[in-house]
Amino acid sequence: MSTDKTKSWPQGGSAGTVAAEPDEWRQSTSASGYAAEPAGAGADAAARFWSVRRVPAALTAAAATVGIGLLLYDIVAVRTERPAMQWRRRVADELAARPLDDAWVLTAAALAVLLGAWLVLLAVTPGLRGVLPMRHASPDLRAGLDRRAASVVLRDRAMQISGVRSVRVSVGRRRVSARAESHFRELDDVRADLAAVLGDGIRELGLARRPALSVHVRRPPVKG
């Protein structure tokens, strides 16, 4: 069951003057009657798309190739009775001379841990947060909808409602938030129309898991 909260302001002030109402009185907010997808519904169809992560993979491969290549070259040079490279002798001397609680050693270890944790996070998370999975009838077919494209579609629908001066629609994986300004009509009426139109629009997007809907309507700020 959703609850509606509406705040209005008295029509005060003398003729020819406009009373400045507080911002919190110029807004009508509602968790509309639109029902979101229940948790766990359509779990098979709601699997997110995995990012190929080309940039992190390319950087990791390049760094590993350069490091391993230099190390192998130096090992081969030492085996052929040539002196080791200066950088490897410097690193060996520093590691032999510095204690484990040295600031440089701790800093290098912390950076290595952070880099490893970042790579593990990239490996176990799907990424592509900007693509919303869509419903599909065949397991061999998958479709996704860009969040920005969904925002544009819903915004165009909202702008067709009478009384809506401007509106911003933000589409997330779990919630769609609409913030509109209405220069005439009752705020409750505009809010109800927005909730109905956006609810129908979200259903027609064909998403695998319908997000919740939050609608906010207010008057434009008073100038002067």
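## How the chain folds back on itself

Let's start with contacts, meaning heavy atoms within 4.5 Å. Among contacts between residues at least 6 apart in sequence, 65% link residues at least 24 apart. This is a predicted model, in which local features need pLDDT of at least 70, side-chain atom pairs count only at pLDDT 80 or more, and totals for chains, interfaces and linings use all residues. Residues are numbered from 1 along each chain as its sequence is written, and side-chain values use heavy atoms, leaving out hydrogens and water.

## Helices and strands

The chain has five helices and seven strands, where helices (H or I, at least four residues) and strands (E, at least two) are DSSP runs numbered from the N terminus. In order from that end, they read β-β-α-α-α-β-β-α-β-β-α-β.

Take a look at helix α3, residues 103-124. Its 22 residues should span 32 Å at 1.5 Å a residue (the expected span is 1.5 Å times one less than the number of residues), and this agrees with its end C-alpha atoms, 32 Å apart. Where α3 starts, a side-chain oxygen of D102 comes within 2.9 Å of the backbone nitrogen of W104.

## The nonpolar core

Of the 224 residues, 27% are buried, that is, under 20% relative accessible area with a 1.4 Å probe, counting protein chains only. The largest nonpolar core (buried Ala, Val, Leu, Ile, Met, Phe, Trp, Tyr and Cys residues joined through side-chain atoms within 4.5 Å) has 25 residues. Elements giving two or more residues to this core are α4, β5, β6, α5 and β7, and α5 gives the most, with six.

L154, L194 and L198 have the most contacts inside the core. Not counting residues up to four places away in sequence, L154 touches V169, V171, V176, L198, G201, I202 and L205.

Technical notes. Buried < 20%, exposed > 50% of the residue type's maximum accessible area, 1.4 Å probe, protein only. Polar contact = N/O pair within 3.5 Å; in protein donor to acceptor, adjacent residues only side chain to side chain.
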